[in-house]
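Here is a quick tour of a structure with two chains, meant to be read with the picture open beside you. Take a moment to find your way around, and then we'll begin with one strand and work outwards.

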Amino acid sequence: MKKISLLLTLFLTSTMYCQDISHIKTLDTIFVSFRESQFQIKTVFPHDAKNFQRWYIITFEENNKMEFLKFWVTDYPNPARREQGIKSDMKTVKESYLCKNKNKIVSIDFFKKYGVYRSMYEAFEKCKVIYIIDYSEIKNRRISLYEVTRSSSLIFEE
Amino acid sequence: MDIFASTSRLNVKFEINDHVHEDNDPTKKEVHATTTQDPITKKITIKVSKQILNADGTMNQTKIENAKTILHECIHAYLLTISSYPLVDMDVAETINQVLPTPNKQHDFMYDKMIPVMQRVLAEIRDKVTTQAGRTNLETLYTMRPTAMTNPSISTPWNWNDYYFNLSLDGLHNTSSFIADHPANSDAFSLYDQYVKAGRIELDR
């Protein structure tokens with residue numbers, strides 16, 4: 001069973017993550033693959049934290065400058081959801097779920113390919129829900145997904 | 001805001017354009033706003049992008065962010081005005097022409113000298129450009145993390161002066177001082193990001 005799991009993971013890793021932006025920008029749900037490393041940093045705040053619970057930062061070089069996309073896990077993804085009392089979604093899923101949604105998954109390679117501007121503003125243009133796939137949290141062969149909002153190192157000139 | 005109080009001439013023309021680009025060159029990056037001066041007539045034009053005013057645009061900003069953008073451009077305009085009309089003060093005009101000849105040099109000046117002024121102006125106008133509900137949400141629903149990257153357990157309550165400080169940095173990110181003070185993934189950049197994001201979420205609610 002472990003071998004099958006490993007093969008599935010390898011298959012997911014090798015085939016799905018550098019998607020074409022013309023496809024990704026049509027999606028209303030996008031999954032972002034996150035694997036902790038020097039360029040993929042997770043920060044988890046203490047349980048008493050209000051609003052900002054944790055964030056995931058994916059850093060890459062673009063035009064000789066370090067850029068990043070940051071995915072925030074907050075109590076509620078936006079004020080409208082807070083008013084409705086619907087908290088940010090957190091769940092665990094089997095690898096088969098990710099296989100089914102493999103065309104909706106992007107990773108650091110996608111962000112490197114398209115750069116911070118296109119990743120931030122074009123890729124998520126129609127997206128209503130973003131999930132981080134946290135591969136550092138796998139329990140009983142189930143992987144943690146967190147609904148997130150995004151920001152980036154991109155600041156417009158004035 | 002009484003930035004041009006000392007002169008009675010027409011100082012600045014404001015334009016709202018569908019899109020505004022760096023150096024007013026459509027082949028260059030899109031920006032929030034620009035301030036330019038005609039080299040002959042010395043007339044100054046501030047162009048503001050409609051994209052920051054549209055509620056559904058990718059570049060949309062809150063009202064207080066738009067106020068900050070206009071303040072930022074007015075400081076450019078003020079520096080251009082006093083450097084163009086030496087009658088105001090010959091020494092000041094010469095100094096500004098020598099030291100602040102480009103927008104980027106003016107940004108360095110803003111970062112080093114003008115942030116406290118911008119904080120004061122933003123504090124004065126806050127209640128006119130934000131909602132009471134949004135302000136209450138920030139004060140009650142948010143924990144800020146000043147050392148998020150090095151020590152995530154330290155927390156502080158929302159602080160308005162810190163918000164004005166970090167909001168004033170928007171648009172100054174290419175200055176050497178900002179780059180030195182706010183490397184990617186530093187505590188300082190993280191705190192800037194937290195304040196700007198929280199303000200953007202809440203202050204027009």
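Let's start with strand 5 of chain B, which is mostly covered: five of its six residues are buried. Keep in mind that this is a predicted model. From that strand we can move to its sheet, then to the helix lying across it, the cores, the domains and finally the partner chain.

**The sheet around strand 5**

- Three strands of chain B make up an open sheet, in the order 1-5-4, and the pairing in it is mixed.
- Strand 1 (12-17) and strand 4 (33-37) of chain B are the edge strands, since each pairs on one side only.
- On average, neighbouring strands of this sheet are turned by 20° against each other, with direction ignored.
- What does "mixed" look like here? On one side, strand 1 of chain B pairs with strand 5 of chain B in the parallel sense, over six bridges.
- On the other side, strand 4 and strand 5 of chain B run antiparallel and are joined by five bridges.

**Who sits opposite whom**

- Thr45(B) in strand 5 of chain B is a handy residue to click on: Lys13(B) stands opposite it, and it is also the bridge partner of Thr36(B).
- Ile44(B), also in strand 5 of chain B, is the bridge partner of Gln37(B).
- Strand 4 and strand 5 of chain B form a hairpin, with six residues between them.
- Look into the turn of that hairpin and you'll find Lys42(B), which has a positive phi of about 70°.

**The helix across the sheet**

- Which strands does helix 1 of chain B lie across? The answer is strand 1, strand 4 and strand 5 of chain B.
- Helix 1 of chain B runs at about 10° to strand 4 of chain B.
- Ala77(B) is a good place to see several parts meet: leaving out residues up to four places away in sequence, it touches Asn11(B), Val12(B), Thr35(B), Ile44(B) and Ile46(B).

**The nonpolar cores**

- In soluble globular proteins, nonpolar side chains tend to be buried together.
- The largest nonpolar core in this model has 39 residues, and Ala77(B) is one of those with the most contacts inside it, along with Ile75(B), Leu122(B), Leu167(B), Tyr192(B) and Tyr195(B).
- Strand 5 (44-49), helix 1 (63-84), helix 3 (103-129), helix 5 (160-169) and helix 7 (187-202) of chain B each give this core at least two residues.
- Which element gives the largest share of this core? That's helix 1 of chain B, with eight residues.
- At least three residues of this core come from each of domain 1 (1-101) and domain 2 (130-205) of chain B.
- Apart from this core lies another one, of 32 residues, including Trp55(A), Phe110(A), Phe124(A) and Ile132(A).

**Chain B as a whole**

- Chain B has seven helices and seven strands, and along the sequence they follow the pattern β-β-β-β-β-α-α-α-α-β-β-α-α-α.
- Of its 205 residues, 34% are buried.
- Take the contacts in chain B with a separation of 6 or more: 65% of them join residues 24 or more positions apart.
- Chain B is divided into domain 1 (1-101) and domain 2 (130-205).
- Where these domains touch, seven residues of domain 1 are in contact with nine residues of domain 2.
- The domain 1 side of that contact has one nonpolar, three polar and three charged residues.

**Chain A and where it meets chain B**

- Chain A has five helices and eight strands, in the pattern α-α-β-β-β-β-α-β-α-β-α-β-β.
- Buried residues come to 32% of the 158 residues in chain A.
- Among the chain A contacts with a separation of 6 or more, 68% are between residues 24 or more positions apart.
- How many residues does each chain bring to the contact between them? Chain A brings 22 residues and chain B brings 29 residues.
- On the chain A side, strand 2 (40-44), strand 3 (52-62) and strand 4 (65-74) each supply at least two residues.
- The chain A residues that touch chain B are a mix of 12 nonpolar, six polar and four charged.

Definitions and conventions: Residues numbered from 1 in each chain as written. Chains lettered and ligands numbered in written order. Predicted model: local features only at pLDDT ≥ 70, side-chain atom pairs only at ≥ 80, totals over all residues. Contact = placed C-beta atoms within 7 Å. Helix = DSSP H or I, 4+ residues; strand = E, 2+ residues; numbered from the N terminus. Nonpolar A, V, L, I, M, F, W, Y, C, P; charged D, E, K, R; others polar. Core = buried A, V, L, I, M, F, W, Y, C linked by C-beta atoms within 7 Å. Buried ≥ 20, exposed ≤ 12 C-beta atoms within 10 Å, placed from the backbone. Domains from an automatic or database assignment. Pairing = 2+ DSSP bridges. Axes fitted to C-alpha atoms, helices over the stretch in contact; angles between N-to-C directions.
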